[in-house]
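User: I would like to learn how to justify the words that are used when a protein model is described. Could we go through them one at a time?

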Amino acid sequence: TNMDIVVTVKEIRGHCPTYRVGDSFTLKACYQLVSDVPVCMDGLAALMPYYNALRVSEPAQWGLDGKEDKSKAYIQCPDPFDCTNGGTVIFEISKQ
């Protein structure tokens, strides 16, 4: 079955030049990226190993489940904001 994955910016540690908290994009049918906001390639790269697996399994199988909502997965971009002038973005991933 085709399922959409929605990726939402939950938190930003430091300063991200691309995202604001609450921004989101969708992977329609889990492979077509649809977005009204710019999508950062670093953040997308962090999602790449998991997006297809999350379509067919639960986040806990990958150690990505949330503390409060086990149905959502959480990943972060690789920018180490403590060492750069950038920002680490925490993404919340949910199925639709």
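User: Which residue in β5 stands opposite Ala73?

Analyst: Ala73 stands opposite Ile93 in β5, and Tyr74 stands opposite Glu92 in that strand. Before we go on, please keep in mind that this is a predicted model, in which local features need pLDDT of at least 70 and side-chain atom pairs count only at pLDDT 80 or more, while totals for chains, interfaces and linings use all residues. Residues are numbered from 1 along each chain as its sequence is written, and side-chain values use heavy atoms, with hydrogens and water left out.

User: What makes β4 and β5 a pair?

Analyst: Two strands pair if DSSP finds at least two bridges between them, and β4 and β5 are joined by 4 bridges in the antiparallel sense, so the condition is met. The strands themselves are DSSP runs of E with at least two residues, just as helices are runs of H or I with at least four, and both are numbered from the N terminus. By the pairing rule, β1 and β5 also qualify, with 9 antiparallel bridges, and Val7 stands opposite Ile93 there. Strand β2 (residues 24-28) is joined to β3 by 4 bridges, again antiparallel, with Leu27 opposite Leu33.

User: Why are β3 and β4 said to stand at the edges of the sheet?

Analyst: The open sheet has 5 strands in the order β3-β2-β1-β5-β4, with antiparallel pairing. Each of β3 (32-35) and β4 has a single partner strand, so one side of each is left without a neighbour in the sheet. Along the sequence the pattern is β-β-β-α-α-β-β, which comes to 2 helices and 5 strands in the protein.

User: Why is β5 described as largely enclosed?

Analyst: A residue is called buried under 20% relative accessible area, exposed over 50%, and partly exposed in between, with a 1.4 Å probe and protein chains only. In β5, 8 of the 9 residues are buried, and therefore the strand is largely enclosed by the rest of the structure. For the protein as a whole, 36% of the 96 residues count as buried.

User: Which residues of β4 are buried, and which are not?

Analyst: The side chains alternate along β4: Ala73 and Ile75 point to one face and are buried, whereas Tyr74 and Gln76 point to the other and are not.

User: Why is Asp82 called exposed, and why is Val37 called partly exposed?

Analyst: Asp82, which is found in the loop between β4 and β5, has a relative accessible area of 67%, and therefore it is exposed. Val37, in the loop between β3 and α1 (41-47), has 23% and is therefore partly exposed. Met3, in the segment before β1, is also partly exposed, with 21%.

User: What makes the space lined by Leu54 and Pro59 a cavity?

Analyst: On a 1 Å grid over the protein atoms alone, a cavity is a set of points where a 1.4 Å probe fits but cannot get out, whereas a pocket is an open set with protein on both sides within 12 Å along at least five of seven lines; lining residues have an atom within 4 Å of a point. The search of the whole structure finds 1 cavity of 30 Å³ or more, and the largest cavity holds about 40 Å³ of space. A volume here is the space filled by probe spheres set on the points, which are joined across faces, edges and corners. The lining consists of Leu54, Pro59, Ser71, Lys72, Ala73, Ile93, Ser94 and Lys95, and β5 gives the most to it, with 3 residues.

User: Which residues lie nearest the centre of the largest pocket?

Analyst: Among its 13 lining residues, Lys10, Gly66, Lys67, Tyr74 and Ile90 lie nearest the centre of the largest pocket. The elements giving two or more residues to this lining are β1 (5-14), β4 (73-76) and β5 (87-95), and the pocket contains about 320 Å³ of space.

User: Why does the radius of gyration agree with a compact globule?

Analyst: The radius is taken over C-alpha atoms, and the globule rule is 2.2 Å times the number of residues to the power 0.38. With 96 residues the rule gives a value near 12 Å, and the protein has 13 Å, which agrees. The C-alpha trace spans about 40 × 30 × 20 Å along its principal axes.
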